[in-house]
Amino acid sequence: MIKIAGLASNRGRNLRHIDERRPGDAELGVVVSNHEGAPVLDAATERGIPTEVVERADDESRESHERRVLDALSSYDFDLVCLDGYMRVLTETFLDATPTTLNVHPSLLPSFPGTDAHDRVLGAGVSVTGCTVHVVTEEVDAGPIVTQESVPVYADDDVDSLKSRVLHDAEFTAYPRAVRWFSEGSLDIHEAEDGDLSVSIDGDGGGDFPERRPLSNDRTATLRYGENPHQDAAVYVDTAATEASVVDAPQLNEGAKGLSYNNYNDADAALELVKEFDEPAAAVIKHTNPAGCATADSLVDAYVDALSTDPMSAFGGIVALNRECDADTAAEIVDSFKEVVIAPGYTEAALDVLCEKDDLRVLEVGSLGERTDRITEKPLVGGRLVQERDLWAPDPEDVEVVTETKLTDEQLETMLFAWKVLKHVKSNGIVLADGTETVGVGMGQVSRVDAVRLAAMKADEHAEGKDPEGTVMASDAFFPFPDGVEEAAESGVEAVIQPGGSVNDEDVVAACDEREMPMVFTGRRCFRHD
């Protein structure tokens, strides 16, 4: 645990925030002020933190005053000095006698150093400001930068509103971060032969998961409401993103209402699914899960096959296509109620058909191209989860046939198709497929056997012209017991693709061999939990 000596001339709100946060288990060991009535002193006393007051006499030199500050600190152990609105310029008398000294400045240095930073930010008309945590040197606000945090400047900002936002949104984030790095030994300060200082941060050298992840999004729309009518919502766009997405896709039927929060969520899931395929593909999504998906020689056939998996659930769903939508496909889409259709583009004839439906939103996302975004993230209260995007799907050479019963080329083709769909089914997930179309989907179950039963039930009761007989089953994780494949076999499933890796794999394989069901392992699972 490191101890901090805090120096402040007024409220010391950053010091108090650091004491509350205890970043890296650092704690405030003493607070020194150069003003007898500084509010930070009472705040520190209330927290049981020792305080010292060392005021500077009118005719006293800076060096003399600093020696008295050092005398006041001499009875305290501390590893780091943190300044917070300490309105004194420090000299080598202090800096050479103490450990590393950090300060937070309310602008993005090197812009607007010194006093009255907020006034000068507003006067300059800049659109972004923030704060800078830097190592203190004798030159004012010129020491090496440790970290920065930005905030927008709004047209109606005044000094008070900007100051408050910089403090709470920038300084309260950046200063504890710098203290944590110091406490954890991640902050390295280097001194060159000429005496110049530089800073490096362990783990902050780039890559997909650096020590910190800057975010820069602009609001593109305020939504009618969120997942439920009592929740406000908005959608933000990453202007640096190049991959085809629904976030800022133009809506071609201008008279239709805008997309809702749930529409955006479902539309994104639908587009992500059809990006998996090189062949003409169509997907129908409901509540971010596939109600059906298919590939075919023509787009219209792919859509018809996808819809027939579960036309009842597809009512009010989202349609995504990976080819330009033609009139024949458009006519099939409008034959039943859909909320949104997404495609790279549309023929004029297709738009004539689609735009007749006032309640159908038509999105054009442009060429799908390559999937370039490598990272996905999920916001949490107080932070976010970040992971690599799951872009993997097995090729024929990636699967291992583990049963004595061999599979056919047709079964293998269906397995590879089913896996690509399965990646987009909420776990526990099961997909039943025939050829390159889904037959039944079991999603979001807490029991894998229940997911199998649900997929079979959907195929039996909801699919049009389809049933589980002769299908291939894909599972997003291993079967812990033989009961899942036994249930599938009773429904008519004839082959299985799954990751493998259970302690009971031998029993599961044996159950398949008893029923002459070929099974392959992929060696990788494809959970989707959000």
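The paragraphs below lead through one pocket, three helix pairs and a few backbone details of a predicted model.

A good place to begin is the second largest pocket, which holds about 1000 Å³ of space. Its lining is made up of 35 residues, and those that lie nearest the centre are G85, Y86, M87, V104 and P106. Several elements give two or more residues to this lining, namely the helices α1 (13–21), α5 (117–124) and α6 (159–184), together with the strands β4 (80–84) and β5 (101–105). Of these, α6 gives the most, with four residues. Sorted by class, the lining has twelve nonpolar and twelve polar residues, while eleven are charged.

The helix α6 is also a useful guide to what comes next, since two helices that share in the pocket lining, α1 and α5, can each be followed to a contact with α6. In the case of α1, the axes of α1 and α6 come within 10 Å and cross at roughly 50°. Because angles under 35 degrees count as roughly parallel and those from 65 to 115 as roughly perpendicular, this crossing makes α1 oblique to α6. The crossing of α1 and α6 is right-handed. On the α1 side the contact is made by R13, N14, H17, I18 and R21, and on the α6 side by K163, L167, E171, F172, Y175, P176 and V179. Taken by class, the residues of the contact between α1 and α6 are six nonpolar, two polar and four charged.

The second partner, α5, packs against α6 at an angle of about 115°, and the axes of α5 and α6 lie 10 Å apart. That angle makes α5 roughly perpendicular to α6, and the crossing of α5 and α6 is right-handed. Here α5 contributes H118, D119, V121 and L122 to the contact, whereas α6 contributes V159, L162, K163 and V166. Five residues of the contact between α5 and α6 are nonpolar, one is polar and two are charged. A reader tracing α6 may notice K163, which takes part in the contact with α1 and also in the contact with α5.

Another helix pair is found further along the chain, where helix α13 (residues 448–461) packs with helix α14 (residues 483–491) at an angle of about 15°, their axes being 9 Å apart. An angle of that kind makes α13 roughly parallel to α14, and the crossing of α13 and α14 is right-handed. The residues that make the contact are V449, V452, R453 and A456 of α13, facing D483, G484, E487, A488 and S491 of α14. The contact of α13 with α14 comprises four nonpolar, two polar and three charged residues.

Some details of the backbone complete the tour. Most residues other than glycine have a negative phi, and most peptide bonds are trans. Against that background, the bond from L109 to P110 is cis, with omega near 10°, and P110 lies in the loop between β5 and α5, two elements that also give residues to the lining of the second largest pocket. A cis peptide bond also joins S427 and N428, with omega about -10°, and N428 is placed in the loop between α12 (409–422) and β20 (430–434). Finally, D25, a residue other than glycine, has a positive phi, near 65°, and D25 is found in the loop that runs between α1 and β2 (27–33).

Note on methods. Residues are numbered from 1 along each chain as its sequence is written. This is a predicted model: local features need pLDDT of at least 70, side-chain atom pairs count only at pLDDT 80 or more; totals for chains, interfaces and linings use all residues. Side-chain values use heavy atoms; hydrogens and water are left out. On a 1 Å grid over the protein atoms alone, a cavity is a set of points where a 1.4 Å probe fits but cannot get out, and a pocket is an open set with protein on both sides within 12 Å along at least five of seven lines; lining residues have an atom within 4 Å of a point. Grid points are joined across faces, edges and corners, and a volume is the space filled by probe spheres set on the points. Ala, Val, Leu, Ile, Met, Phe, Trp, Tyr, Cys and Pro count as nonpolar, Asp, Glu, Lys and Arg as charged, and the others, Gly among them, as polar. Axes are lines fitted to C-alpha atoms, for helices over the stretch in contact, and angles run from 0 to 180 degrees between N-to-C directions. Angles under 35 degrees count as roughly parallel, over 145 as roughly antiparallel, 65 to 115 as roughly perpendicular and the rest as oblique. A crossing is left-handed if the near helix is turned anticlockwise from the far one by less than a right angle, and right-handed if clockwise. Contact means heavy atoms within 4.5 Å.
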